[in-house]
Amino acid sequence: MADNSYQDVVSKMQAAERICITTHINPDGDGIGAGLALLLALRAGGKQVRFICPSPMAKIYEFLPCFDEIVVCDKPEAVKELGNVGTLISCDCGDRARLGVVAEAERDCLINLDHHASNDRFGDINLVDVQAESTGVVVEGVLRALGFGLNKPIATCLYTTIVFDTGRFMHSNTTAHTFRWTANLLDTGIDAALINRKLTYTRTKHDLDVQRLALDFLLIDEEDQRIAGIALNKADIEQVGRPEDWGELVEIPRSLVGNEIAFLLRENADGASVRCSLRSNPPYAVGPVAEHFGGGGHLQAAGCTIEGSIDDVLKVLVPQLRQQMNIS
Ligand SMILES: [Mn+2]
């Protein structure tokens with residue numbers, strides 16, 4: 001389906017009385033930041049706005065304005081109780097399944113604001129800009145089209161989206177546009193260094209224990225040493241305790257000199273499937289690998305869930321990664 005324009009989105013938002021914002025399962029700095037920026041602006045514009053989330057959120061985002069208003073709706077009953085939510089706006093979600101039970105919410109219309117290359121246009125209105133570094137960039141475009149200016153609280157939320165999705169301006173999606181766009185946010189007077197600290201220096205002792213566990217399970221592919229990762233099975237994870245957020249563990253193998261593709265595999269609590277986070281440096285792509293296994297994301301940052309134990313998954317995943325090293 002062809003994408004809608006900013007104007008289509010703006011007309012729909014202007015016509016809506018009640019708006020409900022949401023993001024994907026295991027929400028991140030982009031989904032939460034983009035959604036909160038939208039909430040702040042639309043509410044200031046006189047709309048009735050709320051924010052629901054299909055799974056619990058990491059505490060590190062607590063400093064964002066209105067974070068404490070986000071309601072976790074991770075059970076079908078909770079979604080039913082909401083009744084008709086009006087216009088539902090999904091931020092940073094690539095497909096309906098990633099909305100969890102929120103996908104079942106009764107609504108008048110579903111607007112899909114996103115930037116994932118793999119987005120399957122699950123909304124009634126879809127605004128997917130794959131050039132945008134973060135969904136925050138898409139939201140900022142929507143706010144501009146609505147005639148809303150930036151202020152410090154909105155810029156704080158949007159800044160969080162760009163820091164998260166560019167890996168603190170380190171990923172390959174960081175361009176001259178990124179810095180110009182971000183400079184505009186800083187012009188509102190936000191303290192970027194303070195936000196950076198709040199997003200970065202947030203580890204608990206438990207997080208460090210998880211990191212030590214990860215180091216113990218670092219793997220470098222013998223056939224192609226440019227591929228490295230961490231594979232954690234259920235029993236090992238449970239020894240340390242499952243973290244609320246897996247954070248940036250995949251950056252550990254990624255930081256190895258010569259690394260081109262990095263992965264983080266963690267066996268789910270049921271022991272029957274494995275969540276995979278994949279990263280690569282251009283020109284190598286991991287997006288197609290995630291899609292091969294039914295997942296998605298961006299070319300250089302993607303994820304999927306694969307059935308089987310950690311060993312089963314390593315056996316099917318690593319050959320696919322090696323193949324990418326040869327075709328890219
Ligand atoms: Mn994003």
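**Pockets, sheets and a metal site in a predicted model**

Colleague: How much space lies in the second largest pocket?
Modeller: The model is a predicted one. In this model, the space in the second largest pocket comes to about 200 Å³.

Colleague: Which element gives the largest share of the lining of that second largest pocket?
Modeller: The lining includes L219, I220, I227, A228, D311 and L314. Strand 7 (218-220), strand 8 (227-232) and helix 12 (310-327) each give two or more residues to this lining. Five residues, the largest share, come from helix 12.

Colleague: How many residues of the lining of the second largest pocket are charged?
Modeller: Among the lining residues are D221, E222, K315 and R322. By class, the lining has seven nonpolar residues and no polar ones, and the number of charged residues is five.

Colleague: Which strands stand at the edges of the sheet with the order 3-2-1-4-5-6?
Modeller: This open sheet has six strands with parallel pairing. An edge strand here has a single partner strand, so one side of it is left without a neighbour in the sheet. The strands placed like this are strand 3 (71-72) and strand 6 (125-128).

Colleague: What is the bridge partner of C53 in strand 3?
Modeller: Strands of a sheet pair through backbone hydrogen bonds, either parallel or antiparallel. Strand 2 (residues 48-53) pairs with strand 3 in the parallel sense, over two bridges. In strand 3, the residue that partners C53 is V72.

Colleague: At what angle does helix 2 run to strand 2?
Modeller: Helix 2 (residues 29-44) lies across strand 1, strand 2, strand 4 and strand 5. Helix 1 (residues 6-15) lies across strand 1 (18-23), strand 4 (87-91), strand 5 (109-114) and strand 6, and runs at about 135 degrees to strand 5. For helix 2 against strand 2, the angle is about 165 degrees.

Colleague: Which residues coordinate the manganese ion?
Modeller: Along the chain, the donors follow the spacing D-x61-D-x22-H-x49-D. D30 in helix 2 and D165 in helix 5 (residues 152-165) are 135 residues apart, and this pair links distant parts of the chain. At 2.1 to 2.3 Å, the manganese ion is coordinated by D30 (OD), D92 (OD), H115 (NE2) and D165 (OD).

Colleague: How many residues in the contact of helix 4 with helix 5 are nonpolar?
Modeller: Helix 4 (residues 135-146) packs against helix 5 at an angle of about 145 degrees, and their axes are 8 Å apart. The contact includes V137, V139 and L143 of helix 4, and I154, L158 and I162 of helix 5. Three residues of the contact are polar and two are charged, while the number of nonpolar residues is six.

Colleague: Which residue in strand 12 does C276 stand opposite?
Modeller: A further open sheet of six strands has mixed pairing and the order 7-8-9-10-12-11. Strand 7 and strand 11 (296-297) are its edge strands, each pairing on one side only. Strand 10 (273-280) and strand 12 (residues 301-307) run antiparallel and are joined by seven bridges. Opposite C276, in strand 12, stands C304.

Colleague: At what angle does helix 12 run to strand 9?
Modeller: Helix 12 gives five residues to the lining of the second largest pocket. This helix also lies across strand 7, strand 8, strand 9 (261-267), strand 10 and strand 12. Against strand 9, its angle is about 165 degrees.

Colleague: Is the peptide bond from P282 to P283 cis or trans?
Modeller: P283 lies in the loop between strand 10 and helix 11 (287-292). Omega of the bond from P282 to P283 is near 10 degrees, and the bond is cis.

Technical notes:
Residues numbered from 1 in each chain as written. Predicted model: local features only at pLDDT ≥ 70, side-chain atom pairs only at ≥ 80, totals over all residues. Heavy atoms only, no water. 1 Å grid on protein atoms, 1.4 Å probe; cavity = no way out; pocket = protein on both sides within 12 Å on 5 of 7 lines; lining within 4 Å. Points joined across faces, edges and corners; volume = space filled by probe spheres on them. Helix = DSSP H or I, 4+ residues; strand = E, 2+ residues; numbered from the N terminus. Nonpolar A, V, L, I, M, F, W, Y, C, P; charged D, E, K, R; others polar. Pairing = 2+ DSSP bridges. Contact = heavy atoms within 4.5 Å. Axes fitted to C-alpha atoms, helices over the stretch in contact; angles between N-to-C directions. Donors = N, O, S within 2.8 Å, 3.2 Å for Na, K, Ca; no water.
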